[in-house]
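Me: I would like to go through this model term by term, asking each time what makes a label apply. Please set the values against the definitions as you answer.

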Amino acid sequence: MVLRTPEKIRTLQRKLYTKANQEPDFRFYALYDKLCRADILSHAYRRVRSNKGAPGVDGQTFEAIEAEEGEAQFLQRLQKQLESKTYQADAVRRVGIPKPDGSKRPLGIPTIRDRVVQMAAKIVLEPIFEADFCEHSYGFRPKRSAHDAVDAVADALLSGHAQVIDADLSKYFDTLPHAKLLAAVAERISDGAVLALIKQWLKAPVVEEDDDGTRRTRGGGKSNRRGTPQGGVISPLLANLYLHLLDRIWERHGLETRYRCRLVRYADDIVALCAGDVEAPLAALRQILEKLDLSLNETKTRVVDAREESFDFLGFSFRVKRSCKSGKHYPHVEPSKQAVQRIKDRTKALTDRRRTPVPMPMIMGELNATLRGWSNYFHHRNCTRVMSKVKLQVEERVRIHLRRRHKLASRGYHRFPGRIIYGRYGLFKLPTTAPWRSAHASV
């Protein structure tokens, strides 16, 4: 469920955006009082609650807040701390999220009170920075999505930009330099109280819990000069703002025209699509990132001829193919092999033999929620073949599970045909008709 922003807050956001858009050099000097407003804090609380995040280092949950002191009292206390400038950010709880390659991605979880204040700051600051962001930036922006970025890559391939720099930034969130980030924020924000809040969040200690329950500080603190925890409400906006410096240099120096190279960026995921040589734009990209105290991960960054091999971006696989019907080239976009493997693994885990004691409605509910989420994202462009394959694999896993549940020796095709698993058991039916929107055109 998407929360509707109250009209009074929307009016404020429109005024901030309009002012920033009309006066690119204007620095906003009176914003702190706005993020302290009761209506903004209340809306921030509801937005944070709707995200259903885990508790921070204090272990406090939304249910506990509402049972012990109530939402209104919690927000009044937080508002007083902000207005009196006695608010101090808590430490950030770090957890490891498993990645497909077996490693773990560190995720920082601020406390609920910090998340609410960060969301209030985001509500106020986002319209200002949104007025500056470039057209080829898509990540974590209002009214823009990963699908828009995917379509932009496909459009570039369609127009002949088939030499692709598949760039990977080396530990971007961990290496983001605080001083230069704050300088980028200060280009638009001169309100010292807001800048002090952002600095608090950047300097918050990072606490990790060992297997035996012992808590240890693993980073952050006043001496820390780099990084912003992935997982903080404000972190995506700050990370996007810093890489806007790359976008701005690319745009202002006319590098797209000079090198015939289009950038498409979704947060720290970047591809540069070239119609000619890739050496000059790659060198320019390295040089700009070096000025920003960032670097490319040379082992993961690669140059691809999309007419010869595929490359992955935002979970999709891209390649220029020739249409069997028209003979013309077109950008073929489908879910990547890694994305398919993840849904297969998740489906297998949910229908594992060890889950036969679990009630079938519960299993189907979990499986359907997973399939709907996966389908909502990957049912895009040329997905027919992959969707059909995944649909058959899901059906087979459900039949295997039902066979084990009912102790059948056969594979269960006759006992559990499609009309049974979709009708009686209510399995979500994956769509298999591709919704891709572009016509085949010559590249």
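**Paired strands and their turns**

Me: What makes strand 10 and strand 11 count as a pair?

Reply: Strand 10 and strand 11 (residues 329-335) are joined by seven bridges in the antiparallel sense, and because two strands pair if DSSP finds at least two bridges between them, the label applies. This is a predicted model, in which local features need pLDDT of at least 70 and side-chain atom pairs count only at pLDDT 80 or more, while totals for chains, interfaces and linings use all residues. Residues are numbered from 1 along each chain as its sequence is written, and side-chain values use heavy atoms, with hydrogens and water left out. Within this pair K321 stands opposite Y330 of strand 11, and in the hairpin, which has six residues between the strands, G327 takes a positive phi near 80 degrees.

Me: How do you know that strand 9 and strand 10 pair as well?

Reply: Strand 9 (residues 311-313) and strand 10 (residues 316-322) share three bridges, again in the antiparallel sense, so the pairing rule is met. F311 stands opposite F318 in strand 10, and the hairpin has two residues between the strands, with L314 at a positive phi near 55 degrees. These strands belong to a chain with 17 helices and 11 strands, where helices (H or I, at least four residues) and strands (E, at least two) are DSSP runs numbered from the N terminus.

**Burial and contacts**

Me: Why is R302 called partly exposed, and what does R302 touch?

Reply: R302, in strand 8 (residues 302-305), has 33% relative accessibility; buried means under 20% relative accessible area and exposed over 50%, with partly exposed in between (1.4 Å probe, protein chains only), so R302 falls in the middle class. Leaving aside residues up to four places away in sequence, R302 is in contact (heavy atoms within 4.5 Å) with V164, I165, D166, E309, S310 and F311. R302 and I165 are 137 residues apart in sequence, yet their C-alpha atoms are 6.0 Å apart in space.

Me: Why is R141 called buried, although it sits in a loop?

Reply: The loop lies between helix 6 (112-130) and helix 7 (146-158), but R141 has a relative accessible area of 8%, and is therefore buried. R141 touches E130, F133, C134 and N240, not counting residues up to four places away in sequence.

Me: What relative accessibility does each of K52 and A267 have, and which class follows?

Reply: K52 counts as exposed because its relative accessibility is 75%, whereas A267, at 11%, counts as buried. K52 lies between helix 3 (38-50) and helix 4 (62-68), and A267 between strand 6 (261-266) and strand 7 (269-274). K52 has a positive phi of about 55 degrees although it is not a glycine, and A267 likewise has a positive phi of about 55 degrees without being a glycine.

**Empty space**

Me: What makes one space a cavity and another a pocket?

Reply: On a 1 Å grid over the protein atoms alone, a cavity is a set of points where a 1.4 Å probe fits but cannot get out, and a pocket is an open set with protein on both sides within 12 Å along at least five of seven lines; lining residues have an atom within 4 Å of a point. By this rule there is one cavity of 30 Å³ or more; the largest cavity has a volume of about 80 Å³. Its lining includes W201, L202 and L238, and helix 10 (192-203) and helix 11 (235-252) each supply at least two residues.

Me: How many residues line the second largest pocket, and which lie closest to its centre?

Reply: The second largest pocket holds about 320 Å³ of space; of its 19 lining residues, E334, P335, S336, K337 and R385 are closest to the centre. Helix 14 gives the most to this lining, with five residues, and strand 10, strand 11 and helix 16 (384-405) are among the elements that each supply at least two.

**The whole chain**

Me: How do you know that the radius of gyration agrees with a compact globule?

Reply: For 443 residues the globule value is near 22 Å, and the chain has 25 Å, which agrees; the radius is taken over C-alpha atoms, and the rule is 2.2 Å times the number of residues to the power 0.38. Buried residues make up 49% of the chain.

Methods:
Points joined across faces, edges and corners; volume = space filled by probe spheres on them.
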